[in-house]
Amino acid sequence: MTNRQLKFSKSLLDKLSPTSTESRSKETEYTDSGCTGLKVIVNVKGKKRFLFRYKFKGIKRSLMVGEYPGVDVETARQIANDHKKSIALGNDPKQLRNDQRVDLSFHSFATEHYIPYATVHKITIRNDLDILENYLYPAWKHTQLASISQHDIQMVLNNALVRLKPASVNRIRSCAMRMFRLAMEWGFLEKHPGTYIKKLKENNVVQRFLSKDEIVRFIRACDEDEGGAGANSLKFALLTGMRIGEICRAQWKDFTFENGEASLFLPHTKAGLSRTVLINNAALSVLEEQLRNRQVGNPYIFAGNATGKAITHPKKAFKRIKDRAGIVEHLRIHDLRHSFASILINSGKATLYDVQHLLGHHSPQTTTRYAHIQSSRLRSVSEQLGDLVLQPFKQIEKEIGNG
(Lines give C-alpha, C1' and ligand atoms only; values in the text may rest on other atoms or scores of the structure.)
Protein backbone atom coordinates (compact mmCIF):
# COMPACT_ATOMS: atom_id res chain seq x y z
CA MET A 1 0.00 0.00 0.00
CA THR A 2 1.31 3.46 -0.89
CA ASN A 3 2.49 5.55 2.07
CA ARG A 4 0.50 8.77 1.86
CA GLN A 5 2.02 10.45 4.91
CA LEU A 6 5.22 12.09 3.79
CA LYS A 7 7.49 14.93 4.80
CA PHE A 8 6.93 17.33 1.96
CA SER A 9 9.90 18.69 0.00
CA LYS A 10 10.36 19.98 -3.54
CA SER A 11 12.17 16.86 -4.72
CA LEU A 12 9.49 14.61 -3.20
CA LEU A 13 6.54 16.51 -4.67
CA ASP A 14 8.19 16.65 -8.09
CA LYS A 15 8.37 12.85 -8.08
CA LEU A 16 4.72 12.22 -7.16
CA SER A 17 3.02 10.41 -10.03
CA PRO A 18 -0.37 11.40 -11.48
CA THR A 19 -3.37 9.55 -10.10
CA SER A 20 -4.04 6.43 -12.15
CA THR A 21 -6.91 6.74 -14.60
CA GLU A 22 -8.04 3.30 -13.38
CA SER A 23 -8.32 4.52 -9.78
CA ARG A 24 -11.75 4.88 -8.18
CA SER A 25 -10.89 8.46 -7.31
CA LYS A 26 -9.65 11.03 -9.79
CA GLU A 27 -7.35 12.52 -7.12
CA THR A 28 -4.83 11.21 -4.61
CA GLU A 29 -4.31 12.97 -1.27
CA TYR A 30 -0.99 13.03 0.58
CA THR A 31 -0.42 14.33 4.13
CA ASP A 32 2.55 16.42 5.24
CA SER A 33 4.19 14.95 8.34
CA GLY A 34 5.96 18.26 8.84
CA CYS A 35 2.77 20.35 9.19
CA THR A 36 -0.48 19.07 10.69
CA GLY A 37 -3.45 19.55 8.39
CA LEU A 38 -1.45 20.34 5.24
CA LYS A 39 -2.25 18.11 2.28
CA VAL A 40 -1.26 17.92 -1.36
CA ILE A 41 -3.80 16.71 -3.92
CA VAL A 42 -2.59 15.11 -7.19
CA ASN A 43 -5.03 14.65 -10.08
CA VAL A 44 -4.89 12.32 -13.09
CA LYS A 45 -3.02 14.95 -15.14
CA GLY A 46 -0.31 15.24 -12.48
CA LYS A 47 -1.33 18.73 -11.34
CA LYS A 48 -0.75 19.31 -7.64
CA ARG A 49 -2.44 21.69 -5.21
CA PHE A 50 -2.09 22.29 -1.47
CA LEU A 51 -5.10 21.95 0.79
CA PHE A 52 -5.49 22.73 4.51
CA ARG A 53 -7.91 20.48 6.43
CA TYR A 54 -9.09 21.46 9.89
CA LYS A 55 -11.95 21.33 12.38
CA PHE A 56 -13.81 24.40 13.57
CA LYS A 57 -16.38 23.97 16.33
CA GLY A 58 -16.38 20.26 15.65
CA ILE A 59 -17.08 20.61 11.93
CA LYS A 60 -14.58 19.36 9.38
CA ARG A 61 -13.59 22.02 6.87
CA SER A 62 -10.98 22.49 4.13
CA LEU A 63 -9.35 25.48 2.52
CA MET A 64 -7.44 25.80 -0.74
CA VAL A 65 -3.84 26.96 -0.13
CA GLY A 66 -2.52 27.15 -3.69
CA GLU A 67 -1.21 25.23 -6.67
CA TYR A 68 2.26 23.71 -6.65
CA PRO A 69 4.89 24.81 -7.68
CA GLY A 70 3.42 28.34 -7.82
CA VAL A 71 3.18 27.99 -4.05
CA ASP A 72 6.21 26.14 -2.69
CA VAL A 73 6.35 23.87 0.35
CA GLU A 74 7.63 26.50 2.80
CA THR A 75 5.00 29.03 1.73
CA ALA A 76 2.24 26.41 2.01
CA ARG A 77 3.37 25.51 5.54
CA GLN A 78 3.48 29.18 6.53
CA ILE A 79 -0.07 29.71 5.23
CA ALA A 80 -1.28 26.59 7.07
CA ASN A 81 0.34 27.76 10.31
CA ASP A 82 -1.30 31.18 9.93
CA HIS A 83 -4.66 29.43 9.63
CA LYS A 84 -3.93 27.48 12.83
CA LYS A 85 -3.28 30.74 14.67
CA SER A 86 -6.67 32.03 13.48
CA ILE A 87 -8.37 28.88 14.78
CA ALA A 88 -6.61 29.25 18.14
CA LEU A 89 -7.99 32.79 18.35
CA GLY A 90 -11.52 31.50 17.74
CA ASN A 91 -11.77 32.49 14.10
CA ASP A 92 -12.73 30.32 11.13
CA PRO A 93 -10.00 30.71 8.42
CA LYS A 94 -12.49 30.04 5.62
CA GLN A 95 -14.87 32.72 6.85
CA LEU A 96 -11.99 35.17 7.28
CA ARG A 97 -10.92 34.51 3.72
CA ASN A 98 -14.44 34.99 2.41
CA ASP A 99 -14.68 38.30 4.26
CA GLN A 100 -11.29 39.33 2.92
CA ARG A 101 -12.36 38.55 -0.64
CA VAL A 102 -15.13 41.12 -0.38
CA ASP A 103 -12.93 43.89 1.02
CA LEU A 104 -9.57 43.26 -0.70
CA SER A 105 -8.78 45.93 -3.30
CA PHE A 106 -6.61 45.35 -6.35
CA HIS A 107 -3.99 47.73 -4.94
CA SER A 108 -3.91 45.93 -1.59
CA PHE A 109 -3.53 42.56 -3.28
CA ALA A 110 -0.70 43.90 -5.44
CA THR A 111 1.26 45.57 -2.63
CA GLU A 112 0.63 43.04 0.15
CA HIS A 113 0.75 39.80 -1.80
CA TYR A 114 1.84 39.95 -5.44
CA ILE A 115 4.81 42.34 -5.29
CA PRO A 116 6.50 40.57 -2.32
CA TYR A 117 6.09 37.24 -4.17
CA ALA A 118 7.30 38.58 -7.54
CA THR A 119 10.29 40.33 -5.95
CA VAL A 120 11.58 36.94 -4.84
CA HIS A 121 10.53 34.84 -7.84
CA LYS A 122 10.93 37.20 -10.81
CA ILE A 123 14.05 38.74 -12.30
CA THR A 124 12.02 41.27 -14.32
CA ILE A 125 9.99 42.66 -11.38
CA ARG A 126 10.80 46.22 -12.51
CA ASN A 127 8.75 45.66 -15.68
CA ASP A 128 5.75 44.58 -13.61
CA LEU A 129 6.04 47.61 -11.35
CA ASP A 130 5.99 49.89 -14.41
CA ILE A 131 2.92 48.11 -15.78
CA LEU A 132 1.14 48.43 -12.44
CA GLU A 133 1.87 52.16 -12.12
CA ASN A 134 1.10 53.10 -15.72
CA TYR A 135 -1.79 50.82 -16.70
CA LEU A 136 -3.34 48.68 -13.95
CA TYR A 137 -3.44 51.05 -10.95
CA PRO A 138 -5.07 53.88 -12.95
CA ALA A 139 -7.88 51.49 -13.89
CA TRP A 140 -8.32 49.38 -10.73
CA LYS A 141 -6.39 50.87 -7.82
CA HIS A 142 -9.40 51.14 -5.50
CA THR A 143 -11.51 48.46 -7.19
CA GLN A 144 -12.31 45.29 -5.27
CA LEU A 145 -10.20 42.46 -6.65
CA ALA A 146 -13.15 40.06 -6.81
CA SER A 147 -15.27 42.50 -8.83
CA ILE A 148 -12.82 42.86 -11.76
CA SER A 149 -14.32 41.15 -14.80
CA GLN A 150 -13.07 39.92 -18.14
CA HIS A 151 -14.59 43.02 -19.73
CA ASP A 152 -12.60 45.24 -17.33
CA ILE A 153 -9.36 43.54 -18.32
CA GLN A 154 -10.18 43.78 -22.01
CA MET A 155 -10.92 47.51 -21.71
CA VAL A 156 -7.49 48.14 -20.14
CA LEU A 157 -5.83 46.28 -23.02
CA ASN A 158 -7.94 48.08 -25.63
CA ASN A 159 -7.02 51.48 -24.20
CA ALA A 160 -3.33 50.53 -24.13
CA LEU A 161 -3.47 49.39 -27.76
CA VAL A 162 -4.29 52.96 -28.83
CA ARG A 163 -0.76 54.04 -27.86
CA LEU A 164 1.25 50.83 -27.75
CA LYS A 165 2.25 48.09 -30.16
CA PRO A 166 0.75 44.59 -29.78
CA ALA A 167 3.91 43.19 -28.19
CA SER A 168 3.80 45.82 -25.42
CA VAL A 169 0.07 45.22 -24.84
CA ASN A 170 0.80 41.50 -24.53
CA ARG A 171 3.28 42.28 -21.73
CA ILE A 172 0.47 44.07 -19.86
CA ARG A 173 -1.84 41.11 -20.46
CA SER A 174 0.77 38.65 -19.17
CA CYS A 175 1.27 40.65 -15.96
CA ALA A 176 -2.48 40.88 -15.29
CA MET A 177 -3.06 37.20 -16.12
CA ARG A 178 -0.28 36.16 -13.75
CA MET A 179 -1.66 38.28 -10.93
CA PHE A 180 -5.20 36.90 -11.25
CA ARG A 181 -3.89 33.34 -11.53
CA LEU A 182 -1.94 33.72 -8.29
CA ALA A 183 -4.94 35.38 -6.62
CA MET A 184 -6.97 32.31 -7.52
CA GLU A 185 -4.25 29.89 -6.35
CA TRP A 186 -3.95 31.74 -3.03
CA GLY A 187 -7.71 31.64 -2.45
CA PHE A 188 -8.56 35.31 -3.02
CA LEU A 189 -10.63 34.53 -6.14
CA GLU A 190 -12.98 31.70 -7.00
CA LYS A 191 -12.12 31.81 -10.70
CA HIS A 192 -9.79 33.58 -13.11
CA PRO A 193 -11.57 36.55 -14.75
CA GLY A 194 -9.36 36.63 -17.84
CA THR A 195 -9.37 32.99 -18.91
CA TYR A 196 -10.62 33.69 -22.44
CA ILE A 197 -8.55 36.78 -23.24
CA LYS A 198 -6.11 35.83 -25.98
CA LYS A 199 -2.75 37.32 -26.84
CA LEU A 200 -2.58 39.76 -29.72
CA LYS A 201 -0.74 38.80 -32.85
CA GLU A 202 2.62 40.53 -32.64
CA ASN A 203 3.27 42.06 -36.04
CA ASN A 204 5.82 44.61 -34.87
CA VAL A 205 8.79 42.27 -34.45
CA VAL A 206 11.70 43.72 -36.43
CA GLN A 207 14.65 41.43 -37.05
CA ARG A 208 17.94 43.29 -37.40
CA PHE A 209 21.16 41.39 -38.05
CA LEU A 210 24.61 42.84 -38.39
CA SER A 211 26.29 42.19 -41.72
CA LYS A 212 29.83 40.78 -41.87
CA ASP A 213 31.23 44.25 -42.50
CA GLU A 214 29.19 45.74 -39.64
CA ILE A 215 30.38 43.01 -37.28
CA VAL A 216 34.01 43.84 -38.03
CA ARG A 217 33.36 47.56 -37.52
CA PHE A 218 31.37 46.95 -34.34
CA ILE A 219 34.08 44.83 -32.69
CA ARG A 220 36.77 47.31 -33.74
CA ALA A 221 34.71 50.14 -32.21
CA CYS A 222 34.38 48.12 -28.98
CA ASP A 223 38.16 47.67 -28.84
CA GLU A 224 38.74 51.38 -29.44
CA ASP A 225 36.15 52.52 -26.89
CA GLU A 226 37.39 53.79 -23.55
CA GLY A 227 34.29 52.58 -21.71
CA GLY A 228 36.02 49.43 -20.42
CA ALA A 229 33.47 47.03 -18.96
CA GLY A 230 30.55 48.57 -20.89
CA ALA A 231 32.23 48.10 -24.28
CA ASN A 232 33.47 44.63 -23.33
CA SER A 233 29.98 43.56 -22.25
CA LEU A 234 28.62 44.48 -25.69
CA LYS A 235 31.42 42.64 -27.44
CA PHE A 236 30.78 39.65 -25.19
CA ALA A 237 27.07 39.75 -26.09
CA LEU A 238 27.87 39.50 -29.80
CA LEU A 239 30.36 36.66 -29.24
CA THR A 240 28.16 34.54 -26.95
CA GLY A 241 24.54 35.40 -27.80
CA MET A 242 23.84 36.06 -24.10
CA ARG A 243 21.22 38.58 -23.05
CA ILE A 244 22.74 41.82 -21.76
CA GLY A 245 20.96 41.38 -18.42
CA GLU A 246 22.57 37.95 -18.01
CA ILE A 247 25.96 39.47 -18.80
CA CYS A 248 25.57 42.30 -16.30
CA ARG A 249 24.63 39.84 -13.54
CA ALA A 250 27.38 37.30 -14.33
CA GLN A 251 29.79 36.61 -11.46
CA TRP A 252 33.31 35.20 -11.34
CA LYS A 253 32.25 32.36 -9.05
CA ASP A 254 30.12 30.96 -11.88
CA PHE A 255 32.98 30.96 -14.42
CA THR A 256 34.97 27.74 -14.89
CA PHE A 257 37.96 26.85 -17.04
CA GLU A 258 38.84 23.16 -17.10
CA ASN A 259 40.84 21.10 -19.60
CA GLY A 260 41.11 24.11 -21.88
CA GLU A 261 37.33 24.62 -22.02
CA ALA A 262 35.60 27.69 -20.56
CA SER A 263 31.97 27.94 -19.46
CA LEU A 264 29.74 30.29 -17.51
CA PHE A 265 26.90 29.05 -15.32
CA LEU A 266 23.77 31.24 -15.21
CA PRO A 267 21.71 30.48 -12.08
CA HIS A 268 18.72 32.52 -13.29
CA THR A 269 17.65 33.24 -16.86
CA LYS A 270 14.64 35.00 -18.38
CA ALA A 271 12.77 31.69 -18.36
CA GLY A 272 13.47 31.25 -14.66
CA LEU A 273 15.77 28.30 -15.35
CA SER A 274 19.52 27.85 -14.99
CA ARG A 275 21.81 27.10 -17.90
CA THR A 276 25.49 26.86 -18.80
CA VAL A 277 26.97 29.01 -21.57
CA LEU A 278 29.89 27.57 -23.53
CA ILE A 279 32.56 30.27 -23.92
CA ASN A 280 34.44 30.30 -27.23
CA ASN A 281 38.03 31.52 -27.52
CA ALA A 282 37.07 34.98 -28.81
CA ALA A 283 34.72 35.52 -25.86
CA LEU A 284 37.34 34.09 -23.50
CA SER A 285 39.74 36.84 -24.53
CA VAL A 286 37.15 39.39 -23.35
CA LEU A 287 36.97 37.68 -19.96
CA GLU A 288 40.76 37.61 -19.73
CA GLU A 289 40.81 41.38 -20.20
CA GLN A 290 38.14 41.77 -17.52
CA LEU A 291 40.19 39.55 -15.20
CA ARG A 292 43.27 41.75 -15.66
CA ASN A 293 41.18 44.77 -14.63
CA ARG A 294 39.24 42.98 -11.90
CA GLN A 295 38.22 45.08 -8.91
CA VAL A 296 39.24 43.62 -5.57
CA GLY A 297 36.18 42.44 -3.67
CA ASN A 298 33.78 42.90 -6.61
CA PRO A 299 32.08 39.57 -7.49
CA TYR A 300 30.84 40.71 -10.91
CA ILE A 301 32.68 39.95 -14.14
CA PHE A 302 31.63 43.24 -15.67
CA ALA A 303 32.06 45.49 -12.66
CA GLY A 304 30.61 48.97 -12.43
CA ASN A 305 32.13 52.10 -10.93
CA ALA A 306 30.29 51.68 -7.62
CA THR A 307 32.08 49.45 -5.12
CA GLY A 308 30.86 45.87 -5.26
CA LYS A 309 28.28 46.58 -7.98
CA ALA A 310 27.87 45.40 -11.58
CA ILE A 311 27.55 47.68 -14.57
CA THR A 312 24.05 48.83 -15.40
CA HIS A 313 22.51 48.55 -18.86
CA PRO A 314 25.31 49.91 -21.16
CA LYS A 315 23.09 52.19 -23.28
CA LYS A 316 25.58 55.07 -23.46
CA ALA A 317 28.47 52.79 -24.44
CA PHE A 318 26.25 51.18 -27.09
CA LYS A 319 25.42 54.54 -28.65
CA ARG A 320 29.10 55.55 -28.73
CA ILE A 321 30.10 52.28 -30.34
CA LYS A 322 27.32 52.43 -32.95
CA ASP A 323 28.34 55.97 -33.89
CA ARG A 324 32.01 55.03 -34.13
CA ALA A 325 31.18 51.96 -36.22
CA GLY A 326 29.00 54.05 -38.53
CA ILE A 327 25.92 51.91 -37.93
CA VAL A 328 23.12 54.43 -38.33
CA GLU A 329 20.23 52.05 -39.03
CA HIS A 330 17.98 50.93 -36.18
CA LEU A 331 19.92 48.52 -33.98
CA ARG A 332 19.13 47.42 -30.42
CA ILE A 333 21.46 45.78 -27.95
CA HIS A 334 19.28 42.66 -28.12
CA ASP A 335 20.01 42.48 -31.87
CA LEU A 336 23.56 41.44 -30.96
CA ARG A 337 21.99 38.19 -29.75
CA HIS A 338 20.14 37.86 -33.06
CA SER A 339 23.36 38.53 -34.95
CA PHE A 340 25.15 35.77 -33.01
CA ALA A 341 22.49 33.33 -34.23
CA SER A 342 22.66 34.56 -37.83
CA ILE A 343 26.47 34.19 -37.89
CA LEU A 344 26.16 30.57 -36.79
CA ILE A 345 23.44 29.61 -39.24
CA ASN A 346 24.95 31.43 -42.21
CA SER A 347 28.25 29.67 -41.56
CA GLY A 348 26.58 26.42 -42.59
CA LYS A 349 27.99 24.71 -39.52
CA ALA A 350 25.05 25.10 -37.16
CA THR A 351 21.44 23.93 -37.20
CA LEU A 352 18.42 25.54 -35.56
CA TYR A 353 18.74 22.85 -32.90
CA ASP A 354 22.31 23.99 -32.19
CA VAL A 355 21.21 27.63 -31.99
CA GLN A 356 18.33 26.76 -29.65
CA HIS A 357 20.70 25.27 -27.10
CA LEU A 358 23.44 27.88 -27.48
CA LEU A 359 20.91 30.68 -26.91
CA GLY A 360 19.21 28.80 -24.07
CA HIS A 361 15.76 28.84 -25.66
CA HIS A 362 13.40 26.68 -23.59
CA SER A 363 11.14 26.04 -26.58
CA PRO A 364 12.30 25.31 -30.17
CA GLN A 365 9.46 27.56 -31.41
CA THR A 366 11.37 30.61 -30.15
CA THR A 367 14.31 29.71 -32.39
CA THR A 368 12.21 29.41 -35.54
CA ARG A 369 12.52 33.19 -36.04
CA TYR A 370 15.92 32.37 -37.56
CA ALA A 371 14.51 29.80 -39.99
CA HIS A 372 14.44 32.31 -42.86
CA ILE A 373 18.21 32.74 -42.52
CA GLN A 374 18.69 29.00 -42.82
CA SER A 375 16.29 28.94 -45.79
CA SER A 376 18.30 31.58 -47.67
CA ARG A 377 21.48 29.60 -47.10
CA LEU A 378 19.81 26.38 -48.31
CA ARG A 379 18.53 28.22 -51.38
CA SER A 380 22.11 29.24 -52.19
CA VAL A 381 23.26 25.64 -51.78
CA SER A 382 20.37 24.48 -53.98
CA GLU A 383 21.40 26.94 -56.70
CA GLN A 384 24.95 25.56 -56.58
CA LEU A 385 23.55 22.06 -57.01
CA GLY A 386 21.52 23.23 -59.99
CA ASP A 387 24.66 24.61 -61.61
CA LEU A 388 26.46 21.30 -61.10
CA VAL A 389 23.60 19.32 -62.67
CA LEU A 390 23.30 21.62 -65.66
CA GLN A 391 27.05 21.97 -66.25
CA PRO A 392 27.32 18.90 -68.55
CA PHE A 393 24.44 20.16 -70.72
CA LYS A 394 26.04 23.60 -70.99
CA GLN A 395 29.29 21.97 -72.05
CA ILE A 396 27.49 19.93 -74.74
CA GLU A 397 25.73 23.06 -76.02
CA LYS A 398 29.04 24.89 -76.16
CA GLU A 399 30.63 22.08 -78.17
CA ILE A 400 27.68 21.99 -80.59
CA GLY A 401 27.91 25.73 -81.05
CA ASN A 402 31.65 25.55 -81.80
CA GLY A 403 31.07 22.70 -84.24
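Buried means under 20% relative accessible area, exposed means over 50%, and partly exposed lies in between (1.4 Å probe, protein chains only). This is a predicted model, where local features need pLDDT of at least 70, side-chain atom pairs count only at pLDDT 80 or more, and totals for chains, interfaces and linings use all residues. Residues are numbered from 1 along each chain as its sequence is written, and side-chain values use heavy atoms, with hydrogens and water left out.

**Exercise 1. Take stock of the chain.**

Task: find how many helices and strands the chain has, and what share of its residues is buried.

Solution.
- Step 1. Helices (H or I, at least four residues) and strands (E, at least two) are DSSP runs, numbered from the N terminus.
- Step 2. The chain has 16 helices and 8 strands.
- Step 3. Of its 403 residues, 41% are buried.
- Step 4. Contact means heavy atoms within 4.5 Å. Take the contacts with a separation of 6 or more: residues 24 or more positions apart account for 59% of them.

**Exercise 2. Judge two residues with positive phi.**

Task: place Lys-57 and Asn-259, and decide whether Lys-57 and Asn-259 are buried or exposed.

Solution.
- Step 1. Lys-57 sits in the loop between strand 4 and strand 5. Its phi is near 55°, a positive value in a residue other than glycine.
- Step 2. Lys-57 has a relative accessible area of 73%, so it is exposed.
- Step 3. Asn-259 belongs to the loop between strand 6 and strand 7 (261–266). Phi of Asn-259 is near 55°, again positive in a residue other than glycine.
- Step 4. Asn-259 has a relative accessible area of 82%, so it is exposed.

**Exercise 3. Explore strand 5 and what follows.**

Task: describe the setting of Ser-62, then locate the cis peptide bond at Pro-69.

Solution.
- Step 1. Ser-62 is in strand 5. It is partly exposed, because its relative accessible area is 25%.
- Step 2. Leave aside neighbours within four places in sequence. Ser-62 then contacts Leu-51, Phe-52, Arg-53, Tyr-54 and Lys-94.
- Step 3. Lys-94 is 32 residues from Ser-62 in sequence, yet their C-alpha atoms are 7.8 Å apart.
- Step 4. Pro-69 lies in the loop between strand 5 and helix 2. A cis peptide bond joins it to Tyr-68, with omega about 10°.

**Exercise 4. Map the largest nonpolar core.**

Task: name the residues with the most contacts inside this core, and the element that gives the most to it.

Solution.
- Step 1. A nonpolar core is a set of buried Ala, Val, Leu, Ile, Met, Phe, Trp, Tyr and Cys residues joined through side-chain atoms within 4.5 Å. In soluble globular proteins, nonpolar side chains tend to be buried together.
- Step 2. The largest such core has 54 residues, and Phe-50, Phe-106 and Leu-136 have the most contacts inside it.
- Step 3. Elements giving two or more residues include strand 3 (38–43), strand 4 (48–56), strand 5 (59–68) and helix 5 (125–140). Helix 7 gives the most, with 9 residues.
- Step 4. Another core lies apart from this one. It has 38 residues, among them Ala-250, Trp-252, Leu-266 and Ile-301.
- Step 5. Return to Leu-136. Beyond four places in sequence, its contacts include Phe-106, Val-156, Ile-172 and Cys-175.

**Exercise 5. Check the cysteines.**

Task: find how many disulfides the structure has, and describe Cys-175.

Solution.
- Step 1. A disulfide is a pair of cysteine sulfur atoms within 2.5 Å. A search of the whole structure finds 0.
- Step 2. Cys-175 lies in helix 7. Its relative accessible area is 0%, so it is buried.
- Step 3. Outside four places in sequence, Cys-175 contacts Asp-128, Ile-131 and Leu-136. Cys-175 and Ile-131 are 44 residues apart in sequence and 7.6 Å apart in space, C-alpha to C-alpha.
- Step 4. Cys-222 is also buried, with a relative accessible area of 3%.

**Exercise 6. Place a loop aspartate.**

Task: decide whether Asp-254 is buried or exposed, and list its contacts beyond four places in sequence.

Solution.
- Step 1. Asp-254 is in the loop between helix 10 (244–249) and strand 6 (255–258).
- Step 2. Its relative accessible area is 12%, so Asp-254 is buried.
- Step 3. Beyond four places, Asp-254 contacts Ser-263, Leu-264, Phe-265 and Pro-267.
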